[in-house]
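Subject: Structure handover

Hi,

Here is the structure I promised to pass on. Please open it alongside this email.

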Amino acid sequence: MALTGSRIFIFICIQWFAYTSATGNETVHVLVDRSISNLQKIKLKMKLLSQVKKMYGDCLPCRSISNSKSCDCTAIKPMEDCLEFLQNGYTKNGIYKVTQREKTVYCDQTTQNGGWTVFLRRQDGSTDFQQNWLDYKYGFGKLTSEFWLGNEIVHDLTKPSVAPKKSELLINMRMKGQTKLVFAKYDTFEIGDEASKYTLKISGVSGNAPHSTGSYSFLGNHNNMKFSTYDRDNDKDRSRHCSTEYGRVGWWFNRCYITLLTGNYKFTGHSNGEISWNNNPGDVEPKFVQMMMRRKL
């Protein structure tokens, strides 16, 4: 246990008293020498504790990340997904490595009981989402900021062999002009493989996000849709190319969209494919979005 400044002062006074009360006694000199040695050890321990605090902060057993509230847990042995890390006692939000493709992912271990693998985050427009098919396939951006994790790894983590009881989807959002988060939660979530054009499959919505519940939900309009990018036209509208017409971003376009969480981060209206939870009447604009999945037990 580290000694406080007052405890160190008392310790030194006791040793000095022992020295002055028995001047000339050789054993007292040894005692003083030992007290100096002990004081040096205490100072060294305090210095080491300070260095550990600086390196790990509140992230132990993970490392802290400079200028971030997230932790770097990539030195921990890879596990199947964020839920398995949580089950093994790793409760820090941050970056982990999963066994699927040896992929580095971001785990949210605190929201709604934790265990969530985040695959989309939007928060400030720092990442360009006008990316091609391969970029959306393998992922892009920065895990501590804005990113798309990659369609391949999302497919891998939601396929039946990994999630035999299926996965669930949680979308956390903070709307323009609001301070509190709202959410939409889907009871089942899966995307197909590349041969299926990463088809989106969701069901069973709940939550307090606007128009997320009931028989009609905004993302529900995109259920069973194939993924499109500006260089791969897989949308349902055969008369036009939704991605090139609306922001050149990747998404599960229908004809063309109601929800577009990969949209351009501008907020001047939705006609140019800007980020939106609902493009009509155009008043539901997220300033922060996280889409994340969790295997069901």
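Below is what I found in it, region by region. Keep in mind that this is a predicted model.

**The core**

Start in the middle. The largest nonpolar core holds 67 residues. F119, I171 and W277 have the most contacts inside it. As a general point, nonpolar side chains in soluble globular proteins tend to be buried together.

What does I171 touch, leaving aside its neighbours within four places in sequence? Its contacts are V182, F183, A184, Y186, L219, L261, W277, V289, Q290 and M291. W277 is thus on that list, and W277 is also among the residues with the most contacts inside the core.

L120 is another residue to click on. L120 sits in strand β5. Its relative accessibility is 0%, so L120 counts as buried. With neighbours within four places in sequence left out, L120 is in contact with F129, F147, W148, L261, T262, V289, Q290 and M291. L261, V289, Q290 and M291 appear here, and they also appear among the contacts of I171. For a distance check, take the C-alpha atoms of L120 and G141. They are 9.7 Å apart, with the two positions 21 residues apart along the chain.

**Strands β8, β9 and β11**

Next, look at β8. Of its 9 residues, 8 are buried, so the strand is mostly covered. Strand β8 runs antiparallel to β11, and 9 bridges join them. I171 has M291 as its bridge partner in β11. M291 is also one of the contacts of I171.

Strand β8 pairs with β9 as well. That pairing is antiparallel, over 6 bridges. Here M173 stands opposite V182 in β9. The hairpin of β8 and β9 has 6 residues between the strands. In that hairpin, G177 takes a positive phi near 85 degrees.

**Strands β3, β4 and β5**

There is a second hairpin to view. Strand β3 (residues 94-97) pairs with β4 in the antiparallel sense, over 4 bridges. Y96 stands opposite V105 in β4. This hairpin also has 6 residues between its strands. R101 takes a positive phi near 60 degrees there.

Strand β4 (residues 104-108) is mostly covered, with 4 of its 5 residues buried. On to β5: 3 bridges join β4 to β5, and the two run antiparallel. Y106 stands opposite V118 in β5.

**Helix α5**

Is helix α5 mostly covered or mostly open? Helix α5 (residues 151-158) is mostly covered, with 8 of its 8 residues buried. The buried residues are N151, E152, I153, V154, H155, D156, L157 and T158. Charged positions such as E152 and D156 are on that list.

What covers them? The cover includes β5 (116-122), α4 (133-138), β7 (147-148), β8, β9 and β11.

**Salt bridges**

How many salt bridges does a search of the whole structure find? The search finds 15. In general, side chains of opposite charge can pair when their charged atoms come close.

Begin with R294 and E168. Their side chains meet in a salt bridge, 2.9 Å from N to O. R294 lies in strand β11 (residues 286-295) and E168 in strand β8 (residues 167-175), so the pair ties together parts that are 126 residues apart in sequence. Both R294 and E168 are buried.

Then look at D187 and K296. Their side chains meet in a salt bridge at 3.2 Å, N to O. D187 lies in strand β9 (residues 182-191), and K296 is in the segment after β11, so this pair ties together parts that are 109 residues apart in sequence. D187 is partly exposed, with a relative accessible area of 39%. K296 is partly exposed too, at 23% relative accessibility.

R240 forms a salt bridge with E245, and the closest N and O atoms are 3.1 Å apart. R240 counts as partly exposed, at 28% relative accessibility. E245 is also partly exposed, with a relative accessible area of 37%.

Last, there is a network. R101, E152, D156 and K159 are linked by salt bridges. R101 belongs to the hairpin of β3 and β4, while E152 and D156 are in α5.

Best wishes

Key: Residues are numbered from 1 along each chain as its sequence is written. This is a predicted model: local features need pLDDT of at least 70, side-chain atom pairs count only at pLDDT 80 or more; totals for chains, interfaces and linings use all residues. Side-chain values use heavy atoms; hydrogens and water are left out. A nonpolar core is a set of buried Ala, Val, Leu, Ile, Met, Phe, Trp, Tyr and Cys residues joined through side-chain atoms within 4.5 Å. Buried means under 20% relative accessible area, exposed over 50%, partly exposed in between (1.4 Å probe, protein chains only). Contact means heavy atoms within 4.5 Å. A salt bridge is a side-chain nitrogen of Lys or Arg within 4 Å of a carboxyl oxygen of Asp or Glu. Two strands pair if DSSP finds at least two bridges between them.
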